[in-house]
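Hi,

Here's the structure I promised to pass on. Have a look at it first, and then read my notes underneath.

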Amino acid sequence: MASKISREQIEMLRSQVKEPTSVLYPDSEGYENSLERWSEVGFQRAGVVMRPTNTEDLAITVRFARDNRLDLAVKGGGHSTDTSSTSDGGILIDLGGMRHVSVNSTDSTVTAQGGALWKDVNDTASRFNLAVVCGTASQTGVGGLTVRGGYGYLTPEHGLVLDNLLSAKVVTADGQVLNASANEHPDLFWAIRGAGANVGVAAELTFQAHKQADKVWCGTMMFASDKLTEVVEALNGALVHPQRKAAAQCVFGLSPDTGAPVITTVLFFNGPEEEGRVHFSSLVNLECIGMDMEMRPYTEANTMLDDAMPPGGRKKTIGVKFASPIRPEFASELMEELCSKLATAPELAKSCLEIDYFDLSKVYDVPVTETAFPSRSKTLNGAILLQWVDPSKDQEFVAWGETIQNMCDNELRRAGHEPDKLVSTFFGYTHDDNMTPEDMFGVNSDALLKVKRKYDPVDVFNKLNPLGLSG
């Protein structure tokens, strides 16, 4: 599936879909905007951009790509930092025209179309005093995050995003629209939870929602770098809350105001301020240089990190894993390496290292073979978030980010863990990475290949975590 689409084929495809599905040529108005993504890294120019507004036209486009052996990519929120949601001369399906969200208050479920963003879901669900487990950035796409796992502030209490998925309407490679759930096409339902990008396009997803109070205690605290040991020890101690109502993130970087090294903590407590202050007392009682904690609407909690990483420019997300509890001495080594690099490469000044202090007991209590998602280990997740401008620096900066990743792998070994590259929210691969199914999906690889051969034997869906089937 490496063929570019011709103008004649574009016209054929256009004649098959219905209005108001947009068919955007390279010289059409709106084409350039349709290619915009959160990161410019991995940017490619599609031969045509299809922006369906309904599942039928989405299915027609997928089937057309298969029948004509055309390269096909799918963009949901456009938040990837690689080529997995782009096509060089083929068909790009932009799901941005499918963002509707509905709520069934009787059974507390939320259904979102494949192009919805988490902001769409959070805002709609909140009107019914409900919430869905979601990511920590409101501009992320619902479909893309769900099929890759999905961690957020509600994960300690309710598990992964994909563990709260009840069913999905999936467009398979032959253009069929199948309802996948525990009762219908259970093998497909198993696969989309962790490897959805390999077996179809999620046109619609239905989640179990949870009762959610309107306001939570959340916000940020910023500390000078000399408080690093105390901050890390405090976060280690606050990882587990008896009712699993707490979550936190720790960000190493430079102050946007002074350029000095700082540690920023993002704190979340799903309850009253008094209880939150008790749980995070070791942090709250520590001298800080900035504090913005208050009772806020739950929907605002998932926007706290949006401004730090706005769309546009060159970005790369590199996943890392940490042994818990995190050694303050190791945290100091990471901080020193990060700030040293940012000082010598000012272009990286807005980059950072982020650690998720989420209690993952609910995640690793689920047997790894229950879904295709392979990464249910007793480690903490994090990411190096690189931001820069000059395309000629891509290789240099990504290579440096991988040295941080290697430092974390060595620390895992020191703590008795064997590092792996299993796919998850922060770990994803393209053809350039030359990963085997076993590398990416571990014990689930054989079962996943079986489902892949059943629903996509000619490998239409081969962009993210490619399984290597020959078409």
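Below is what I found in it, going from one region to the next.

Before anything else, keep in mind that this is a predicted model.

Let's start with the domain. An unreviewed UniProt entry puts a "FAD-binding PCMH-type" domain at residues 41-212. Over that stretch, the chain is 24% helix and 26% strand. The C-alpha atoms at its two ends lie 37 Å apart.

Next, find helix H3, which covers residues 55-67. How far apart should its ends be? With 13 residues at 1.5 Å a residue, H3 should span 18 Å, and its end C-alpha atoms are indeed 18 Å apart, so the two agree. The N-terminal end of H3 is capped by Asn-54: one of its side-chain oxygens sits 3.2 Å from the backbone nitrogen of Glu-56. Quite a few residues in H3 are buried, including Leu-58, Ala-59, Ile-60, Thr-61 and Val-62. Thr-55, Asp-57, Phe-64 and Ala-65 are buried as well. While you're looking at a helix, here's a handy rule: an α-helix has 3.6 residues a turn, so residues three or four places apart point the same way.

Just after H3 comes Arg-69, in the loop that leads to strand E3 (72-75). What is unusual about its phi? Arg-69 isn't a glycine, yet its phi is positive, near 50 degrees. For background, most residues other than glycine have a negative phi, and most peptide bonds are trans. Arg-69 has 38% relative accessibility, and because that falls between the 20% and 50% cut-offs, Arg-69 counts as partly exposed.

Ser-108 is another one to click on: it isn't a glycine either, and its phi is positive, about 55 degrees. You'll find Ser-108 in the loop between strands E5 (101-104) and E6 (109-113). Is Ser-108 buried or exposed? Its relative accessibility is 13%, which is under 20%, so Ser-108 counts as buried.

Now for a pair of helices. H7 (residues 186-195) packs against H16 (residues 445-455) at an angle of about 115 degrees, and their axes are 10 Å apart. That angle means H7 is roughly perpendicular to H16. The crossing of H7 and H16 is left-handed.

Last stop: the peptide bond between Ser-324 and Pro-325 is cis, with omega at about 0 degrees. Pro-325 is in the loop between strand E16 (314-323) and helix H12 (328-344).

Have fun exploring!

Methods:
Residues numbered from 1 in each chain as written. Predicted model: local features only at pLDDT ≥ 70, side-chain atom pairs only at ≥ 80, totals over all residues. Heavy atoms only, no water. UniProt positions renumbered as here; feature names shortened; annotations may be inferred. Helix = DSSP H or I, 4+ residues; strand = E, 2+ residues; numbered from the N terminus. Expected span 1.5 Å × (residues − 1). Buried < 20%, exposed > 50% of the residue type's maximum accessible area, 1.4 Å probe, protein only. Polar contact = N/O pair within 3.5 Å; in protein donor to acceptor, adjacent residues only side chain to side chain. Axes fitted to C-alpha atoms, helices over the stretch in contact; angles between N-to-C directions. Parallel < 35°, antiparallel > 145°, perpendicular 65-115°, else oblique. Left-handed = near helix turned anticlockwise from the far one by under 90°.
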